[in-house]
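Hi,

Here is the structure I promised to pass on. Have a look at it first, then read my notes below.

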Amino acid sequence: MNALDRAVAGLVPRLPRPVVGLVAKRYIAGETLDSALATARSLNAANMSVTMDVLGENIRHLDEAARTVQLYQEVVERIHSSGVVGNVSVKLTHFGLKLSRDRCAENLRTLAATAERVGMFIRIDMEDSSTTSDTLGIFGDVREVHPNVGVVIQAYLRRSESDVRELARTGARVRVCKGIYREPIDIAFHDPEEIRRSFLQLVEILLEGGSHVAIATHDEKLVEGAYRLLDRIGPSVQGRYEFQMLLGVREALRDEIVAKGHPLRVYVPFGEQWYAYSVRRLRENPAIAGHVFRALLGLK
């Protein structure tokens with residue numbers, strides 16, 4: 001990554017929507033469910049499963065949450081009827097968490113029941129630290145009735161080891177990721193090596209505790225570290241883990257993981273709210289932002 005890439009990444013939020021749109025298709029499976037299903041089929045053909053996400057978060061009115069639930073129910077039904085190998089991921093602020101915890105939990109129960117009826121799993125995404133306790137609380141409540149739900153833990157949060165030990169005790173299905181939100185140093189690790197150590201520790205606790213673990217990373221060091229963990233723990237991990245990656249990110253690494261025989265799931269976001277998601281992806285990946293800028297100027 002060079003200085004130009006970093007400078008362009010800092011300017012991304014000020015770029016016009018059409019400019020961001022030039023690269024959005026790398027990360028977004030279109031605005032419609034049909035386009036997302038087409039992307040999912042192509043990934044299935046490459047021996048990868050998917051988790052589909054309707055873009056949107058931090059809604060302002062509860063009627064928006066109700067519409068979100070209905071849309072996700074349609075996604076679940078279409079995945080099932082189409083034969084796509086996949087499930088769905090949801091953000092609780094998209095289901096009304098910041099407006100009403102109770103309504104949010106009820107919305108999640110409604111979707112979980114729909115998914116359970118067709119044998120589908122739901123992953124609850126983790127958002128910024130202001131939502132962590134409520135997200136884990138709602139997950140635990142809903143899972144008591146609907147075991148087809150899982151949750152996400154962010155390795156950079158200092159609380160995560162304690163959270164993971166409790167989740168492992170209950171046999172929860174957990175996705176482990178680094179974490180992308182800006183958090184103060186008193187609650188989150190900032191050093192990359194500390195975050196990597198935390199990530200692998202959490203994966204180890206979950207695997208040794210008998211949980212199913214989604215290893216969500218694009219970091220080659222963490223992929224290699226996960227390989228070593230899987231080899232050390234041995235045959236008991238079979239069927240209890242998968243790697244996960246974002247659509248359009250580190251595709252060569254993605255293909256390498258699959259070629260080695262590991263299960264891999266791709267996160268497939270879609271919807272009309274693509275702009276904010278794309279800006280976040282570009283800011284997280286300055287090398288891509290710099291590449292887009294150079295392409296626009298006709299530079300090599």
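N47 is exposed, since its relative accessible area is 59% (exposed means over 50%, buried under 20% and partly exposed in between, with a 1.4 Å probe and protein chains only). You'll find N47 in the loop between α3 (33–45) and β1; helices here are DSSP runs of H or I with at least four residues, strands are runs of E with at least two, and both are numbered from the N terminus. The phi of N47 is near 70°, which is a positive value in a residue other than glycine.

Before going on, a word on the source: this is a predicted model, where local features need pLDDT of at least 70 and side-chain atom pairs count only at pLDDT 80 or more, while totals for chains, interfaces and linings use all residues. Residues are numbered from 1 along each chain as its sequence is written, and side-chain values use heavy atoms, with hydrogens and water left out.

Now the overall picture. The protein has twelve helices and eight strands, and 53% of its 300 residues count as buried. Take the contacts (heavy atoms within 4.5 Å) with a separation of 6 or more: 75% of them are between residues 24 or more positions apart.

R250 also has a positive phi in a residue other than glycine, near 45°. R250 sits in the loop between β7 and α10 (251–259) and is partly exposed, because its relative accessibility is 34%.

Back in helix α3 there is S42, partly exposed at 44% relative accessibility. The C-alpha atoms of S42 and V84 are 9.8 Å apart, with the two positions 42 residues apart along the chain counted as their separation.

N58 is in the loop between β1 and α4. It is partly exposed, with a relative accessible area of 41%. Leaving out residues up to four places away in sequence, N58 touches T93, H94 and K98. F95 is 37 residues from N58 along the chain, and the C-alpha atoms of the two are separated by 8.4 Å.

D219 has its place in the loop between β6 (213–216) and α9 (220–233). Why does D219 count as buried? Because its relative accessibility is 11%, and buried means under 20%. Beyond its neighbours within four places in sequence, D219 is in contact with K178 and R196. With K178 there is a side-chain to side-chain polar contact at 2.8 Å (a pair of N or O atoms within 3.5 Å; within protein, one must be able to donate a hydrogen and the other to accept it, and residues adjacent in sequence count only if both atoms are side-chain atoms).

Next, the nonpolar cores, meaning sets of buried Ala, Val, Leu, Ile, Met, Phe, Trp, Tyr and Cys residues joined through side-chain atoms within 4.5 Å. The largest has 76 residues, and M52 and F243 touch the most other members. Its largest share comes from α9, with seven residues. Outside its own stretch of four places either way, F243 is in contact with I215, V223, A226, Y227, L230, I257, H262, P263, L264 and R265. Another core lies apart from this one, with twelve residues, including V20, Y27, L55 and L246.

Finally, the empty spaces. On a 1 Å grid over the protein atoms alone, a cavity is a set of points where a 1.4 Å probe fits but cannot get out, and a pocket is an open set with protein on both sides within 12 Å along at least five of seven lines; lining residues have an atom within 4 Å of a point. Grid points are joined across faces, edges and corners, and a volume is the space filled by probe spheres set on the points.

The second largest pocket holds about 550 Å³. Of its 24 lining residues, L55, G56, H94, E272 and Q273 lie nearest the centre. Two or more lining residues come from each of β1 (49–54), α4 (62–82) and α11 (274–284), and α11 gives the most, five.

The whole structure has two cavities of 30 Å³ or more. The second largest is about 40 Å³, and its lining includes T51, N87, F121 and E242. β2 (86–90) and β7 (241–246) each give two or more residues to that lining.

Cheers
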